[in-house]
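This report looks at a few individual residues and their surroundings. Please have the sequence and the structure at hand while reading.

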Amino acid sequence: MKFSVNREKFQKALQRVGSIIGSHSMLPLLSNVLIQAEEGKLKLCTTDLELRLATEVEAEVSENGITTLPARKLTQLIGSFGAPEVSFDIDDQEHAKICCGTAKFTLLGLPAADFPEAAEFETVRSAKFKQNQFKRMIGSISYAVSADDSRKVLTGILVSMKDEKVTLVATDGKRMAMQESVVENLSAEGDAIVPLKAMAELRRLLDGEEEVAIDFGEKLCCFSAAGFTLTTKLIEGSFPNYRAVVPAQFKQEVEVPVQVLRSKIETVALMLSVATGFIILRFENNQLFLQGSSAEVGEGTDLIEAVYDGEPFEVSFNPVFLSDPLRNTDAETVKIKLNDPLAPVAIEAGEGFVYIIMPLRKK
């Protein structure tokens, strides 16, 4: 197996697929990158048995072949070279002779025959998005995914396809974030739960206005775009009825600037105890008052001018939960919708986004 490749392009390709490799893999092969050389290109692939990430890079291939090499060490080597071209000569023992300018190294690999094969699946539904659009959708809700493995279905993001809409939903049982978008090319309706790790990796990869295609099978799904293909196992189980969480109507609605509200929440929250702190929002006389206090730190207040002419209304929140959607939206204003101090509160920001958060009971 022999080939030469542009060093910079090869380095970017290695970095693209190397991020899913764990630092303490039980199987040595899972620390390696699969490299296949054929007909003017290299195919690179990594897997952790849950995710599989592949990409391609142009190369001058003089002898076809396939091998696996230690991904992190290879990436470090390529990154440290200075010459523009890197050449590889890999023998039957998986010993890779690597030359770049005056540098000459030998890197020991493992046989490709033992590398996990890609699982095939039948597509049952599909959709296409602009990459930047889907990236924003993931970012607008992913913070609400649960970190508790005891409810596995909550550790992923629901992708629901219905009525010409794709809805992404994340919840940890205390709050729920939902982002909806109209899509004209849905092939079928249905739900799937994608692991957070896969969605986070996809968000890292997506960029630009080109399309990303999403293909769902019964237990696997594949995201493919120019430059990469990401395949992941799906989380099995039934996601909670997220529609039932959203109140049918609200008694009050207040619109405030996103950045102003976020800044004041985070500033007032500096006065809170980390363990038990909550922030109070009080709506009264066309103003939104924010208050935070603790016996250990002190107290602070601030206010925002807002259109509100109803009865005085006071509600308390976890400040982190309250500011999370504000940090992850590009909308200029948010609408806060309320019923009573203990009922779910909705925050709407931009088209198709709804965030439901439960107020805290003050002791």
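## Glu94: a buried loop residue

Glu94 counts as buried because its relative accessibility is 14%, and buried means under 20% relative accessible area. The model in which this residue is seen is a predicted one. Along the chain, Glu94 lies in the loop that runs between strand E7 (85-90) and strand E8 (95-100).

The backbone of Glu94 also deserves attention. Its phi is near 65 degrees, which is a positive value in a residue other than glycine. Most residues other than glycine have a negative phi.

## Asn286: a second positive phi

Asn286 likewise has a positive phi without being glycine, with a value near 60 degrees. The residue sits in the loop between strand E19 (279-284) and strand E20 (287-294).

Is Asn286 buried or partly exposed? With a relative accessible area of 36%, Asn286 is partly exposed, because that class lies between the buried limit of 20% and the exposed limit of 50%.

## Ser293: a residue within strand E20

Strand E20, which follows the loop of Asn286, contains Ser293. This serine has a relative accessibility of 39% and therefore counts as partly exposed.

Which residues does Ser293 touch, leaving aside those up to four places away in sequence? The contacts are with Met271, Leu272, Gly298 and Glu299. A separation across the model can be given as well: the C-alpha atoms of Ser293 and Ala112 are 60 Å apart, and the two residues are 181 residues apart along the chain.

Methods:
Residues numbered from 1 in each chain as written. Predicted model: local features only at pLDDT ≥ 70, side-chain atom pairs only at ≥ 80, totals over all residues. Heavy atoms only, no water. Helix = DSSP H or I, 4+ residues; strand = E, 2+ residues; numbered from the N terminus. Buried < 20%, exposed > 50% of the residue type's maximum accessible area, 1.4 Å probe, protein only. Contact = heavy atoms within 4.5 Å.
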